[in-house]
Amino acid sequence: MASRLKVFEWSDGFHLFTVAAPSRPKALAAWGIQQDIFASGLAREAPEAADAEAARARPGEVVERGLAVDVGKTGPRAARLKARKGPTAAEQRRVQSLEGELEALERAYADSVEVLRAEQGRLEAQAAADKARFDKSRARLTRDLAGARQKL
């Protein structure tokens with residue numbers, strides 16, 4: 001007994017792919033896809049799809065339909081966007097607020113860097129003083145050791 005055919009479809013956003021197959025794995029094979037796109041919701045069973053009859057007429061063959069969007073006919077949102085002349089008062093306030101925040105952040109960072117540079121200078125001076133004390137003590141101990149060795 002022949003398997004009953006089901007119609008499956010999925011879209012990549014540009015094309016609609018429809019196939020008549022006995023199972024989901026067979027549909028995936030016809031599309032050349034190994035990943036289960038049914039699980040992610042990209043593909044679905046579509047018995048009433050626009051290309052269902054064409055797919056049933058050629059089982060196992062993919063029926064491809066191009067999806068086109070006419071940019072001039074995108075609806076009310078496009079008309080609303082075109083009518084807009086400039087930034088709103090709220091948008092201008094938002095930009096001013098963000099500019100103020102950015103300026104404050106940059107000032108705080110510059111102050112922090114200044115404090116760190118002062119601390120770095122202090123530490124370098126301390127390191128130089130420690131090195132001088134070390135060199136002086138080492139020279140004295142080296143001299144005393146050399147004298148002690150001569151007396152042996």
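This passage describes the sheet, the helix packed on it and the aromatic pairs of a predicted model. Local features were taken at pLDDT of at least 70 and side-chain atom pairs at pLDDT 80 or more, whereas totals for chains, interfaces and linings use all residues. Residues are numbered from 1 along each chain as its sequence is written, and side-chain values use heavy atoms, without hydrogens and water.

Four strands (DSSP runs of E, at least two residues, numbered from the N terminus) form an open antiparallel sheet in the order β3-β1-β2-β4, where pairing requires at least two DSSP bridges between two strands. Strands β3 (43-45) and β4 (63-66) lie at the edges, each pairing on one side only. Strand β1 (residues 6-11) is joined to the antiparallel β3 by three bridges, and Trp10 stands opposite Ala43 in β3. Helix α1 (residues 24-31; helices are DSSP runs of H or I, at least four residues) packs on the sheet and touches β1, β2 (15-21) and β3, contact meaning heavy atoms within 4.5 Å.

Four aromatic pairs were found in the whole structure, defined by ring centres of Phe, Tyr or Trp (its six-membered ring) within 6.5 Å, with planes under 30 degrees apart counted as stacked, over 60 as edge-to-face and the rest as tilted. The rings of Phe8 and Phe38 have centres 5.4 Å apart and planes at 75°, so this pair is edge-to-face. Because Phe8 lies in strand β1 and Phe38 in the loop between α1 and β3, the pair ties together parts that are 30 residues apart in sequence. Both Phe8 and Phe38 are buried (under 20% relative accessible area, with exposed over 50% and partly exposed in between; 1.4 Å probe, protein chains only).

Note on methods
Axes are lines fitted to C-alpha atoms, for helices over the stretch in contact, and angles run from 0 to 180 degrees between N-to-C directions.
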